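Biologist: Could you take a close look at how one pair of helices packs together, and then say what lies in the cores?

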Amino acid sequence: PFAMASTNSMNVSPSLAKDGTSDTTCTSTQVKVGHDRNDPTLRIILVRHGESNNNIHHEVSREAYLRNRSSDPSLTVNGKKQAQQTGDYFKSGSNKLIDNVDEIFVSPCLRTMQTAEPIAKALKLSAIVWNEIYEVGGVYENGEGRRGLTRAEMKGMFPTYTIPEDQVAEDGWYDVSLNKEPRPAGRERANGVFDKLKKQAMEATSDRTIVLVVHGDFIDFLLQSAVGVEGTSRFFPCFNTCISVLDMTAKDTMILFHNSIAHLSEDLVKTHALGKC
């Protein structure tokens, strides 16, 4: 089951302003709920990557995006600033709901690995590459699959990361036979990740907190799994480097808050056009 404080607490039309109040610029949710603290809890902190070069192309037009997109884009200058401010926020300890992190997992895409770097440094943890949490659609160019970063490239760019041998091969990690991953397949993959996380929660003997540095559509589908929604795209849209938190126990799953950008300076908040999602 999925638990919320109340139906009024989750209004999917207002968004959270910088001061914690609501405005109407983008869908967002801030819900703080409690549950039986006698049950061990798996707390999952979801962080979307910073602004990427593909995000910039998408803001211009759909045509510009299709013409200029990269199969595995890097962060922009602003995206790197967003990532650093996110790391600083974790380090500050100002939000007790994201304290005491035990592990950080990262999608093998370049933009997420770049975003995770200042967060992992702030937490004094080695980010662990998990090849099931990549963005819906995968790594592709003109509809054809690409392998993504190789193991050597990852080690060279991110020497402090943990790269399990079963997650990244010498020639890359993405299954090129998928080409551009169909959205139903991406939803099924997100559902599978949710099931794995739920299994961890059910088997837990003590509280544990993890961070997943991932992607907007993946977060959307993962949270849809939590609330039992099917067939609705971008029910949970995300700003760049937004933070969402959910708690899992053996009995229930609860979203504590979604799409928070309280850690970003005003000049780095993306709230317009396609840049928000």
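**The α6 and α7 pair**

Modeller: Helices α6 and α7 cross in a right-handed way (the near helix is turned clockwise from the far one by less than a right angle; anticlockwise would be left-handed). This is a predicted model, in which local features need pLDDT of at least 70 and side-chain atom pairs pLDDT 80 or more, while totals for chains, interfaces and linings use all residues. Residues are numbered from 1 along each chain as its sequence is written, and side-chain values use heavy atoms, without hydrogens or water.

Helix α6 covers residues 183-203 and α7 covers 216-227 (helices are DSSP runs of H or I with at least four residues, numbered from the N terminus). Their axes, which are lines fitted to C-alpha atoms over the stretch in contact, lie 9 Å apart at an angle of about 60°. The pair is therefore oblique (not under 35, over 145 or 65 to 115 degrees).

On the α6 side, the residues in contact (heavy atoms within 4.5 Å) include Arg-183, Arg-187 and Phe-194. Among their partners in α7 are Asp-217, Phe-218 and Ala-226. By class, this contact has 7 nonpolar, 4 polar and 4 charged residues (Asp, Glu, Lys and Arg are charged; Gly counts as polar).

Now the cores. In the largest nonpolar core, of 33 residues, Ile-45, Phe-90, Val-211 and Ile-243 touch the most other members (a core joins buried nonpolar residues through side-chain atoms within 4.5 Å, and buried means under 20% relative accessible area with a 1.4 Å probe). Helix α4 gives this core the most, 6 residues. A second, separate core of 32 residues includes Phe-218 and Ala-226, two residues that α7 brings to its contact with α6.

Definitions and conventions: Buried < 20%, exposed > 50% of the residue type's maximum accessible area, 1.4 Å probe, protein only. Axes fitted to C-alpha atoms, helices over the stretch in contact; angles between N-to-C directions.
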